[in-house]
Each structure stands twice: as structure tokens, then as C-alpha cells.
Amino acid sequence: MHIRIRKDWELPESAATDEAVACSAGLGRRRFLRALGAGLAGAALAPALRAATGGFPSAPDAAYPAGDFKITPENLATSYNNFYEFGTGKDDPVVAANRGWKTEPWTIELAGEIEHPGRWDVNDLIAKLGGIGQRVYRHRCVEAWSMVIPWNGFPLAKLVALAAPRASAKFLKFVAFNDPSSAPGQREPILDWPYVEGLRLDEATHELAFIATGMYGKPIPNQNGAPLRLVVPWKYGFKGIKSIVRIEFTARQPRNTWQQMAPQEYGFYANVNPTVDHPRWSQASERVIGGGFFSGKQPTLMFNGYEKQVAALYAGLDLRRNY
Amino acid sequence: MNTLLARLLQSRAFVAACVVAPGLWPAWPLFVTGDSSVAADPAKYVLHHLGFTAACVLVAVLLLSPLRAILPRWRPVLVVQRHRRFVGVSAFVYAALHVAMHFVYEGGFATFRTDWQKPFILVGLVAFGILFILAATSLDRVVRALGSRRWKWLHRLVYVAAVLVLYHQISARKVFPEQVLWLFGPLVVAELARVGRAVVRGMGRDAGDRALGGGSGAY
Ligand code: HEM
């Protein structure tokens, strides 16, 4: 008999279906579907432009017994998005990212201080790295709300190994796509485009750091960052750069977009930390998306609940100053 | 057309409907179906909506007096003045609902013990305090007791409240919310026009005085 020991960062999948959670949100099923209908109609009308279909279908892993964690209903996680390239409203991307923006074919460039620079077709890359797996992670937005999402993809460490960093490589700089003709938000100076994010090399090779090419067992929808995005569950959501076109290995710490925009509010690390507030709002607690009208907030956990796994990365670092 | 508008604006029922309707908006699923934020976090949607409506109604009441100064003879502007108190108190009521909703959203008062120190919340709290004082001093009895001079002076605080609300609204978002431009823009334009008009008139009077050989000894 095959006994699988679940690592404690692999959140158990709840038995709750999308619908059950939707109803517990205080919305009747009909109304709920109607409420989403308008937003999703945009997605449904668009032809299948999804990329990175390599490795699918990928069924949810039945080896995880039901636990305390409730997976966010799929239709909320795929329609309530911060993706400013497609507008600043949470309901903008589901429509605007599905109006002909092509995420297939897609290439990603590995560059900088590495032995194996080059361009990869995303599907070839997935095949090269051994296919995809699934992980259920908490997702904590810097705006003090949270979701629980089953991601499909591969550990970032595998990609780093493929690139073979030189001794001089200390950081990864991620760069997102830049295509104002497809992305209406990029025609406006909302942020300094293209979106840039960064990780320390040891963060990138941590086993939790993940590149998602899918969610809920399907290829990742455009509005969630198709065809591949970063997922760093112990950091605020804005670290999870979407629709990556380039990863550069650097000796110097890159400046990420939000840090550039408002350095006193957003740092390079952006580790989830209930004891260090955003200057304008508290980070001690969070709203659970799909949790219902009167659910209040739940306490935010240090490193978003992954303290045991990642705290060692930051030994000796003043987290108050390096927010 | 003008008379119809004047008739409508004269009617308390019409003005009341205009003030109440936007507050009911989120309860009307017909209008909100396209918005995924309603399904994802309905409480936040209502919180934002009530705050936004409070700000709109506040701007509306603030527009009344500059409009009267700029268009002193236009009937719709004149007849709507009688609803100043009603609209002003409505702004307070929306703000109170917004604040109450904040505590629903937070799931109680526990978080407020530390949150009130955030400039963003503190500014909202002070603005709310001002609106409360102004609403409380709008009762006939209180107005009489205060005397119109003191009452007028006190009620100038509404401009302070407006500036605080502007700051509060901008800092509620991660990036600058464009809607504050079209919300507060007209108010700024109307106030500038009022000041401009007063200055022009004042200069006209001075010029007239001098032409008549009068004026103050300072000349
Ligand atoms: C104790 C007083 C107040 C508290 C605690 C409070 C709290 C809040 C909170 C938590 C938000 C949303 C921030 C977020 O999205 O995370 C907000 C937004 C807002 N509030 Fe208040 N508020 C107060 C007073 C006021 C007053 C007096 C007004 C106006 C008359 C007002 C108008 C607004 C507006 C316009 C927004 C922005 C809504 C949007 O972005 O759509 N608030 N407030």
C-alpha cells in the first residue's frame, strides 16, 4: 500500500464544492450565478486563447483529506483579480484580458548570470521540467483579504536549476509582458510598465516558491496571469507577478514595481507579517473572500502560515525595516 | 424645461428620492450583476458604496451655496436651497451607515482599538465627528439657542470635513482613484467661480468709487 505523508505546507483540500461555499456566502445559487454571469460571459465569448496546456488535464489530488481550509470558489478566484495591466477594478481583468489578448504561443527568456541562458516555449519548458503538479496555498493580498487556491505548475527551484546560476547570481528579476495594444491598463501611467518583481536566490529555490501554469486543475485563465505566473505563498499577492516573459539572474537586488511606486508603503520582501502594518491600514487580520457578509475578519498568520518553513530564510533580518 | 426642473427641485419628495435611491443601489441586484466584487466580498462592496454615496451627498450640499452665488437668478438653483438641511443631514446619515458597515466588515470593535491611529481612519473619524456635530446642531431649537452668527461660523467646519473626506477617499485605494476628480472637481470649480465673481465685483465697486471721486482715505 502506498502511504503518502502530507507535508504540512500542502494544505488539505476541503470537501466543500464551489457551490457549497458560494451558498454559505449568503447568496442564493441562482443569484450567485447571475451575479457572475455578466463577468464570465466576456470570458466565455472569447475563443480558447489559453496557453501552457502542457501537463493537463490535472485532476485535484484526492490524497488530501478534508480539513479546515476552504478552497475559494473557482469563479471568485478567477473573477476578483488585481491585474492592473487590464484595469484597476477587480472585475476589469476577467473581461479586458479576454478580448483577444494572445497568451499562446508564449516564450520566456532566461538571462543574466547563468550558465544556460535562452528562450523557452512555455509548453516545452513544462515538458523539460517534468510536467506539473498541484499545490493548495493560502493567498494573502496586501489589501487585507485572502483566498485559498489550488495551483498547478512546477517548483521555481526546478527552473532555477535548469538555468544554472553562476556564483555571482544573488537575485532573480522577473519581468511581465508589455503590450499596450492588448492591455488597456498599460496605455495609462497607473504603474511603471512593465511590471517587475524580484526574489533573493535562496527564496526562489525554497521548495514553496512555485510557478503556476494552471489553477483548479485547468490551464490558468488570462486574468490570473496566463500562461505562467509566480506564486510565493508567504508573501503578499503583489509579489506573484503575472504573465512572465523574462527572468534575469542578477548580482544586485532589483527594484520591484510597487516599491518603486511607493517605497514607504511597499518593500522588496513583502513578507506577510501581522505585526508590521501597511502605513494606511492594519495587516493583523484579513477578510476571507467568499466568507460571507457577517463573517468579520480572521487573524493573519506570520508568513501567511508558512513560518515554520520559511522563517529561517530571514534569520537576523529586521523585518520591521525590511517590510 | 426650466420650470419643470424648478418644480421638481422644489419638491421634497423628489429630492428625497434622489438622495435615497443611490443608497439602495447595492440592494438592487439588477444593477450590480456585472461586478464580481459583489459576489467576492459583498460587505466590502457595501462599505465602499456607502462611503462613496456619503461623499457624493456631501459634495452636493456643498455645491448649493456657490451655485446660488454664481446663478442668483436661476429658479432651479433658488428653489433647491430650501433642502439644504435635509441634504446635509442625509450626508451625515450615509456617513453613519458607512461607519456602522465598517464595524460589520471588521467583525466587531476589537480592531478599532488600534486602527483609529491610522491617519486614514483618524481622518475619517474626525470628518465623521464634524458631520455629527453639524447634524446635531441642525435642530431648530439648537439653531435658535446658538444664534445665527455662531451657527454659521460653526457650520463652516463642513469645508474642513470635505477636505478630510477627500484625503480619506484617496487613501482608501492603492492607486489614485480618478473618481475623486469628477466628484470634487465641480466643487472646486464652483468655489473658484464664486471667489472670482466676488473679486471681479469688488474691483468693479472700487473702480466705480474712484470714478465718483470717493473711496477710502487709503487711496
Ligand atoms: C470613523 C469614521 C470612518 C471609518 C472608520 C471609515 C472607514 C473606511 C474604510 C475601512 C474604507 C475602505 C478602505 C478599504 O477599502 O480597505 C473607507 C473608504 C471610504 N470612506 Fe470611510 N470611514 C470613515 C468615515 C468616512 C466619512 C465621514 C466619509 C464621507 C463623508 C467616508 C467616505 C469614504 C469614501 C468615499 C471611501 C472610498 C470608497 C471607495 O474607494 O470606493 N468615510 N472608509
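What follows is a walk through a predicted model, starting at its iron atom and ending with a few odd spots in the backbone.

The iron atom is a handy place to begin. Two histidines of chain B hold on to the iron atom of the ligand: B:His98 and B:His168 each coordinate it through NE2, at 2.0 Å. Counting every donor, six atoms sit around the iron, and the angles they subtend run from 86 to 179°, which makes the arrangement octahedral. For comparison, the textbook values for six octahedral donors are 90 or 180 degrees. The two histidines come from separate helices: B:His98 belongs to α7 (residues 84-106) of chain B, while B:His168 belongs to α12 (residues 157-171) of chain B, so the pair ties together parts that are 70 residues apart in sequence. As for how much of B:His168 shows at the surface, its relative accessibility is 18%, and because anything under 20% is called buried, B:His168 falls in that group.

Helices α7 and α12 turn up again in the second largest pocket. This pocket offers about 680 Å³ of space. It is lined by 24 residues, and the ones closest to its centre are B:Val61, B:Arg84, B:Trp151, B:His155 and B:Val158. Several helices of chain B share the job of lining this pocket: α5 (42-70), α7, α9 (119-136), α10 (140-146), α11 (148-155) and α12 each bring at least two residues. Which helix supplies the largest share of the lining? That would be α7(B), with six residues. Sorted by class, the lining of the second largest pocket comes out as 13 nonpolar, four polar and seven charged residues.

Still in chain B, B:Leu8 is worth a quick stop. This leucine is part of helix α1 (residues 2-10) of chain B. Its relative accessible area is 32%, so B:Leu8 counts as partly exposed. B:Leu8 and B:Leu192 are 184 residues apart along the chain, and their C-alpha atoms are separated by 28 Å.

Now for chain A. This chain has 323 residues, and 57% of them count as buried. Its secondary structure is a mix of nine helices and 12 strands. Looking at the contacts in chain A with a separation of 6 or more, 74% are between residues 24 or more positions apart.

Some space is also shut away inside the structure, which holds three cavities of 30 Å³ or more. The largest cavity has a volume of about 340 Å³. Its lining is made of 25 residues, and closest to its centre are A:Asn82, A:Phe83, A:Gly237, A:Phe238 and A:Lys242. What gives the most to this lining? It is strand β4 (residues 145-155) of chain A, which contributes four residues. The lining of the largest cavity splits into 15 nonpolar, six polar and four charged residues.

The backbone of chain A has a few quirks of its own. Start with the cis peptide bonds. One joins A:Glu104 and A:Pro105, with omega at about 0°, and A:Pro105 sits in the loop between α4 (93-96) and β1 (107-112) of chain A. Another joins A:Trp193 and A:Pro194, where omega is about -5°. A:Pro194 is in a loop as well, the one between β5 (171-176) and β6 (196-200) of chain A.

Then come two alanines with positive phi values. A:Ala164 has phi near 55°, a positive value in a residue other than glycine. Its position is in the loop between α6 (156-163) and β5 of chain A. For A:Ala270, phi is about 50°, again positive although the residue is not a glycine. A:Ala270 is located in the loop between α8 (257-261) and β11 (285-288) of chain A. Is A:Ala270 buried or exposed? Its relative accessibility is 3%, so A:Ala270 counts as buried.

Last up is A:Glu307, which lies in helix α9 (residues 307-310) of chain A. With a relative accessible area of 41%, A:Glu307 is partly exposed. What separates the C-alpha atoms of A:Glu307 and A:Trp234 is 7.9 Å, although the two residues are 73 residues apart along the chain.

Conventions
Residues are numbered from 1 along each chain as its sequence is written. Chains are lettered from A and ligands numbered from 1 in the order in which they are written. This is a predicted model: local features need pLDDT of at least 70, side-chain atom pairs count only at pLDDT 80 or more; totals for chains, interfaces and linings use all residues. Side-chain values use heavy atoms; hydrogens and water are left out. Donors are N, O and S atoms within 2.8 Å of the metal (3.2 Å for Na, K and Ca); water is not among the atoms, so sites may look incomplete. Four donors count as tetrahedral if all angles lie between 85 and 135 degrees; four count as square planar and six as octahedral if opposite donors are over 155 degrees apart and all others between 65 and 115; anything else is irregular. Buried means under 20% relative accessible area, exposed over 50%, partly exposed in between (1.4 Å probe, protein chains only). On a 1 Å grid over the protein atoms alone, a cavity is a set of points where a 1.4 Å probe fits but cannot get out, and a pocket is an open set with protein on both sides within 12 Å along at least five of seven lines; lining residues have an atom within 4 Å of a point. Grid points are joined across faces, edges and corners, and a volume is the space filled by probe spheres set on the points. Ala, Val, Leu, Ile, Met, Phe, Trp, Tyr, Cys and Pro count as nonpolar, Asp, Glu, Lys and Arg as charged, and the others, Gly among them, as polar. Contact means heavy atoms within 4.5 Å.
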